[in-house]
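Trainee: I would like a close look at a single part of this model, followed outward into whatever adjoins it in the chain. Please take it slowly and connect the details as you go.

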Amino acid sequence: MLTRGVLGYVLVLLGGLVVSVLPVSSPLDDLPLRHDTPGRLVGLVLVIGGLGLGGHAWLELLRDVRRGAGAARMLLVHRATACWSLPLLLAPAMFSRDGWSYAAQGVMARIGVSPYEHGPGVLRGEVVEAVDPMWLDTATPYGPLPLAWGAFAAGFTREPWDLVVAHRLLALAGLALLAWAVPRLAAAAGRDPAYAAALVLPSPLVLAHGVAGLHNDLLMVGLMAAALAVAVERHWVLGAALGGAAAAVKLPGGLVCVAVALVALPAAAGPADRVRRLVAVAGVSGGVLVVTGLVTGLGVGWVHALGVPGVVRSPLSVTTQVGQLLSWLQQLAGLPGPSPVEVLRLSGTVLALAVAAVCAMRAPTGRAGTAVAVTGLVALATVLLGPVVHHWYALWALPFLAATRLGARAEAALVGFVGLAGLVAPLDSTLRARGTDIAVAVVLVLGVAVAQAVGHRRALETAARGAAERPTPVSQPG
């Protein structure tokens, strides 16, 4: 199982060298396979086949952890996470070009050009060669923590690939925080800690989008999980501070502060007590967010760039897609009025905030399990109702849903979604306008997904039959 996973992610690395966007000045950009359709298809086969092997190994790991007992199970989860992450450590930015943007923004912060006022296009040279043209002239909406790290790394190198690897180390820090926090949250919520950790740490979603894709979301959610774990252990001030640090990576990280306030209150707390504790938590977390900007010298300019992601009409955003359908009908009927897309996007955001507010004022207080479930619910609502949704946004809710006691169907749905979310990672924007690549990738992903689902179900049925046929021990009279 461990070897199969390692082989899978080695194939992902090798295929990624073919299909990933690289700076044109990189020697590897001259690989013959990268610049013709047959070569790119070979790379796609390697990547999707590798993800399939990794996903198959992960499903086997879940079954082994569920059947096993003792501390060895957690050790197995940690070994799998480390072994499967290792081949991806030196990979280029995969399944998205965001990593190249991180590299350029770090250089900007290093030389004193504010990424909150300018886009990477103010730079010249190899550091911007692989940045998505869509973001060359846009400011960044990220908080000061990842920018400060990027500026620190840019003090040692300006080579974009090296800077990408440096940001991947930041993603691995988020993974380490999850390794510490998820078992604690699961234990507090009455969930098997080893199984919850296996659902998250070595999962295809985390490895493909968090490690290979090195998105800031992995560090953000790691800090969120650590914030709630600390608050569950009755250190709500530190939990609120960590919630502020999560917001200093990406602003949605601050949503965990709702649960921090709930778990820090006594049971059956009234509305006045809730409001006082929410204000106190907001004060601590907001203070950390502002101070982080001041200490790093980056300030709070991210406030002005929060609308930057909204320029994308994300196909995964329900509010955007419904709005576009209504907009088409509006144009067809010749009706005046505001854009349905903007109306629904704003309505979705307001509704997500309303979900958080209702949870803050109505959810039971002083219960760790409730706080974990509330965080998962609020994060899930924020993603589902958001104006922009990418595959890796699912990372926001995963650790908390995995640590929550779920019914059999909900758990099966979570396992299926997490596996599929990693498998579809190659269907990213770099395949745009390459019809053959897209068609082949879709067929391969569907084939691997069906094979995995059938194989996993058969393995579960075989295990169930074996358990049913196992004789029940007969107790001897004393």
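Trainee: Could you take helix H9, residues 216-232, and say what its length and burial are, and what is found in the loop between H9 and helix H10?

Mentor: Bear in mind throughout that this is a predicted model. Helix H9 runs over residues 216-232, which gives it 17 residues, and the span from its first C-alpha to its last is 25 Å, close to the 24 Å expected at 1.5 Å a residue. As to burial, 17 of the 17 residues of H9 are buried, so the helix is largely enclosed by the rest of the structure.

The loop that follows has another character. Arg-234 is found in the loop between H9 and helix H10, the latter covering residues 236-247. Just after H9, then, the backbone of Arg-234 takes a positive phi of about 75 degrees, although Arg-234 is not a glycine. With a relative accessible area of 54%, Arg-234 counts as exposed, the cut-off for that word being over 50%.

The same loop also holds a charged contact, in which the side chains of Glu-233 and Arg-184 meet in a salt bridge with an N to O distance of 3.7 Å. Glu-233 lies in the loop between H9 and H10 whereas Arg-184 lies in helix H6, residues 160-188, so the pair ties together parts that are 49 residues apart in sequence. Both partners fall in the intermediate class of accessibility: Glu-233 is partly exposed at 39% relative accessible area, and Arg-184 is partly exposed at 36%. Elsewhere, salt bridges that share partners join Arg-66, Arg-191 and Glu-411 into one network.

Two comparisons from other parts of the model may help in reading this loop. For the backbone, consider Ala-268, a residue other than glycine with a positive phi, here near 60 degrees. Ala-268 is placed in the loop between helix H11 (256-264) and helix H12 (271-296), and it is exposed, with a relative accessible area of 75%.

For the charged contact, note that the structure holds 9 salt bridges. One of them is formed by the side chains of Glu-60 and Arg-4, at 2.7 Å from N to O. Glu-60 lies in helix H2 and Arg-4 in helix H1, residues 2-19, so this pair ties together parts that are 56 residues apart in sequence; Arg-4 itself is partly exposed, with a relative accessible area of 26%. Arg-67 and Asp-64 also form a salt bridge, their closest N and O atoms being 2.6 Å apart. These two residues are 3 residues apart in helix H2, and are therefore separated by about one helical turn. Within that pair, Arg-67 counts as exposed at 54% relative accessibility, while Asp-64 counts as partly exposed at 25%.

To return to the part you asked about, H9 is a helix with 17 of its 17 residues buried, and the loop between H9 and H10 holds both the exposed Arg-234 and Glu-233, whose side chain meets that of Arg-184 in a salt bridge.

Key. Residues numbered from 1 in each chain as written. Predicted model: local features only at pLDDT ≥ 70, side-chain atom pairs only at ≥ 80, totals over all residues. Heavy atoms only, no water. Helix = DSSP H or I, 4+ residues; strand = E, 2+ residues; numbered from the N terminus. Expected span 1.5 Å × (residues − 1). Buried < 20%, exposed > 50% of the residue type's maximum accessible area, 1.4 Å probe, protein only. Salt bridge = Lys/Arg side-chain N within 4 Å of Asp/Glu carboxyl O.
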